[in-house]
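Open the model in your viewer and keep the selection tool at hand. The stops below go from the whole chain to single residues.

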Amino acid sequence: MRSVRLAARSCGRLSRPPLETWQHGGVTAATHTPPLPSAAESADAVLLGLDPEQREVATTLRGPVCVLAGAGTGKTRAITHRIAYGVRAGVLQPASVLAVTFTNRAAGEMRGRLRTLGAGGVQARTFHSAALRQLQYFWPRAVGGDLPRLLERKVQLVAEAAARCRVRLDRSELRDVTGEIEWSKVTQTVPADYPAAVRKAGREAPRDPAEIAQIYSHYEQLKRDRGMIDFEDVLLLTVGILQDRHDIAETIRAQYQHFVVDEYQDVSPLQQRLLELWLGDRDSLCVVGDASQTIYSFTGATPDHLLDFRTRYPSATVVKLVRDYRSTPQVVHLANGLLAQAHGRAADHRLELVSQRESGPDPAYTEYPDEPAEAEGVARRIRDLIAAGVPAGEIAVLYRINAQSEVYEQALADADVPYQLRGAERFFERTEVRAAIANLRGAARFGANDPGLDDLVDLADQVRAVLSGHGWTTEPPAGSGAVRDQWESLAALVRLGEDFGRAHRGATLADLIVELDERAAAQHAPTVQGVTLASLHAAKGLEWDAVFLVGLTDGMLPITYAKTEEQVEEERRLLYVGVTRARLHLALSWALSRSPGGRPSRRPSRFLTGLRPRSGGAGGRAAGPDGTERTARRRERRGPVRCRVCGKTLTDAGEIKLMRCEECPSDMDEGLYERLRDWRGARAKQIGQPAYCVFTDKTLMAIAEAAPTAAGELAMISGVGGRKVDRFGADVLAICAGQEPEDGSGGDA
């Protein structure tokens with residue numbers, strides 16, 4: 001607690017006035033939610049429509065409960081009906097229940113469902129939202145003065161901290177170092193302990209751990225100097241206050257007597273500690289999760305709390321939800337097949353899903369010669385689905401990293417298919433959205449003086465009239481780019497106005513502004529009617545009628561820097577999450593090279609072995625680049641590694657790296673090899689390390705033989721890896737292309 005008080009001495013002013021109460025007020029759910037059954041008139045009516053396992057969850061209101069819920073099994077339905085049943089049965093008081101989940105979107109959806117079921121007084125929040133509310137209320141009493149301002153984004157401050165350490169970070173390294181700071185804080189690791197913690201966790205740091213620890217320390221000092229806290233501090237400070245001030249802890253425990261935690265497999269050690277402090281010595285806790293959907297370990301999340309729940313609470317009721325209401329038997333069969341090949345502790349607790357839907361099409365597997373061909377093929381198939389009646393908003397293209405999106409944006413634009421990027425800039429922070437809301441707000445206040453609105457009674461017509469003067473048109477602009485993105489934002493606001501008007505007869509522009517303000521506070525963005533482009537991580541918790549999983553090659557999934565078995569297994573779970581997003585149509589594809597005419601050196605993801613056709617098992621149909629069904633090519637390497645020249649089995653590590661016997665003829669470009677050696681010598685001297693620390697001779701030979709043209713191809717060469725691609729990739733690729741490195745000696749990429 002001493003650290004809390006020390007931090008308080010350098011704090012600035014509150015970013016907003018304190019709330020009157022810590023448990024209520026402030027952010028509320030959006031008032032327009034998808035249609036649900038009307039509020040139940042009795043407790044038993046809440047149970048109608050639940051399957052036997054969901055009913056068991058809903059009616060088990062005493063003691064600890066652990067719900068192991070597979071993808072698509074209706075876990076949100078089960079826990080919201082559980083809360084509503086408890087409220088209507090008189091067992092739970094609405095104000096005494098705190099439901100915690102991991103995204104504002106999920107919390108908003110939960111609040112909406114609870115209101116519809118007649119349990120509107122229940123608090124549903126994220127860990128950070130609940131902790132921030134408590135911190136804002138109790139800070140003056142626990143520490144004194146005003147709460148420091150909240151730092152919305154760390155990157156700029158981390159960059160400044162690095163500069164103070166005389167460390168230059170490129171954009172990729174800046175993101176990675178910021179991630180390391182966040183991981184340290186949620187695992188409650190102080191800067192001085194970071195290097196040891198990294199070693200103990202088997203974590204591959206993006207830079208020298210001592211260097212990161214120094215940046216971390218300066219970052220913390222900068223925050224203190226400026227009277228700021230970040231999102232991790234919100235949890236840390238709340239934990240500190242509850243540990244130090246038992247009177248405050250008891251006040252919170254008196255308010256909240258029953259807890260529900262969704263996505264429990266993603267809880268970090270810090271969040272778990274906060275939950276324990278909220279609970280005290282009680283056990284009125286219901287947790288819901290699926291260890292097979294643990295995909296955020298890099299942030300400090302761990303499924304251990306879920307898997308050890310029965311150990312901590314021997315009397316806990318454990319319920320398994322395995323009836324999949326989302327996906328067809330064909331999609332579920334593939335999902336189960338993926339997990340059947342998994343290893344590790346999470347795999348030992350996997351759930352075998354059972355589809356409750358009618359049969360659908362088999363998953364389609366397609367191999368393309370290059371990435372542009374893959375994107376064009378996917379765009380063609382999406383256009384065909386839309387022509388067949390599948391709404392564009394019910395289609396998604398999912399990839400491993402955000403850098404893969406650009407080629408799909410262009411392909412969809414060329415095919416005249418609308419799309420939206422998920423995980424990009426927050427909707428309500430976009431310039432055009434803020435300007436549009438300002439115009440709507442002005443119309444709501446002074447619309448009586450606007451002749452353009454005189455004859456418009458319908459809310460949707462009024463919204464269209466206001467926004468038509470600021471860039472919205474009935475038809476979208478051609479092509480892609482900023483103009484199209486801005487139009488999509490305005491079109492989303494128009495649709496929101498239409499939906500809100502239908503749901504609330506007689507609603508005015510002023511009512512819509514209230515809705516927009518509430519959504520902005522909760523970051524509850526409206527749905528854009530276009531194909532969703534998103535990373536697999538960003539797709540968690542969402543679902544679509546049709547899903548395209550693209551770029552499924554070794555080196556991309558699993559990602560090249562996944563080295564340990566645990567890291568590779570998390571990559572498998574990431575693919576599992578992608579597969580289980582699909583309701584009906586599922587397509588999986590990969591490209592053999594990055595660019596047209598490039599060397600076809602890539603191989604399909606190892607996770608598809610035994611699942612895709614002709615790879616050792618049956619998992620669906622295969623299609624050629626034109627979308628027609630065909631037999632999948634046997635391009636992937638299986639079993640022992642063989643020389644690509646004579647076919648002999650390779651056992652020597654150096655020969656395996658070169659993919660040929662030492663004595664077999666090489667197709668290496670000798671001139672390229674010598675240029676790489678010269679660059680390596682200069683680069684090693686520049687960074688003060690031996691040449692082999694840059695690349696070994698064998699790795700240089702492998703690079704010279706492969707002559708990669710892209711970072712993905714370079715990363716797939718044994719001995720390179722993600723970190724060296726980030727650090728040296730731009731130089732190496734420039735040399736392979738016959739160009740000079742940017743600074744002439746090979747500075748950091």
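Start with the whole chain: 52% of its 749 residues count as buried. This is a predicted model. Colour it by secondary structure, and 29 helices and 18 strands should appear. Among contacts between residues at least 6 apart in sequence, 76% join residues at least 24 apart. Switch on the surface next: the chain exposes about 32500 Å², and carbon and sulfur atoms supply 49% of that area.

**The nonpolar cores**

In soluble globular proteins, nonpolar side chains tend to be buried together. Select F127, L275, W278 and L285, which touch the most other members of the largest nonpolar core, a set of 42 residues. Several elements give two or more residues to this core, including β1 (65-69), β2 (97-101), α11 (231-244) and β7 (285-289). Which element supplies the largest share of this core? Helix α6 does, with 8 residues.

Now centre on L275. Leaving aside neighbours within four places in sequence, L275 is in contact with F127, F259, V261, Y264 and L285. Apart from this core lies another, of 38 residues; L338, A534, L549 and L552 are among them.

**The loop after β6**

Move to E263, in the loop between β6 and α13. E263 is not a glycine, yet its phi is positive, about 50 degrees. Is E263 buried or exposed? Its relative accessibility is 13%, so E263 counts as buried.

Compare R166, in the loop between α7 (155-164) and α8 (171-186). R166 also has a positive phi, near 60 degrees, in a residue other than glycine. With a relative accessible area of 81%, R166 is exposed.

**Two buried helix residues**

Select G112 in helix α5 (residues 104-116). G112 is buried, at a relative accessible area of 1%. Draw a distance from its C-alpha atom to that of A124, 12 residues apart along the chain: the separation is 9.6 Å.

Then go to E432 in helix α20 (residues 431-446). E432 counts as buried because its relative accessibility, 18%, is under the 20% limit. Its C-alpha atom is 6.3 Å from that of Q486, although the two residues are 54 apart along the chain.

**Helix α19**

Select residues 405-414, which form helix α19; its buried residues are S405, Y408, E409, A411, L412 and A413. An α-helix has 3.6 residues a turn, so residues three or four places apart point the same way. What do the buried residues of α19 pack against? Show α18 (371-387), β12 (395-399), β13 (419-421) and β14 (531-535) to see their partners. Just after α19, D416 takes a positive phi of about 60 degrees.

**A cis peptide bond**

Zoom in on L557 and P558, which are joined by a cis peptide bond with omega about 5 degrees. P558 sits in the loop between β15 (544-549) and α24.

**The largest cavity**

Rolling a probe the size of a water molecule over the atoms shows where empty space is left. A search of the whole structure finds 6 cavities of 30 Å³ or more, and the largest has a volume of about 50 Å³. To frame the largest cavity, select the residues that line it: S292, L339, A342, H343, A346, A347, E569 and R573. The elements giving two or more residues to this lining are α17 (345-348) and α24 (565-579). By class, the lining has 4 nonpolar, 2 polar and 2 charged residues.

How values were computed. Residues numbered from 1 in each chain as written. Predicted model: local features only at pLDDT ≥ 70, side-chain atom pairs only at ≥ 80, totals over all residues. Heavy atoms only, no water. 1 Å grid on protein atoms, 1.4 Å probe; cavity = no way out; pocket = protein on both sides within 12 Å on 5 of 7 lines; lining within 4 Å. Points joined across faces, edges and corners; volume = space filled by probe spheres on them. Helix = DSSP H or I, 4+ residues; strand = E, 2+ residues; numbered from the N terminus. Nonpolar A, V, L, I, M, F, W, Y, C, P; charged D, E, K, R; others polar. Buried < 20%, exposed > 50% of the residue type's maximum accessible area, 1.4 Å probe, protein only. Contact = heavy atoms within 4.5 Å. Core = buried A, V, L, I, M, F, W, Y, C linked by side-chain atoms within 4.5 Å. Areas by Shrake-Rupley, 256 points an atom, 1.4 Å probe, with all protein chains shown as cover.
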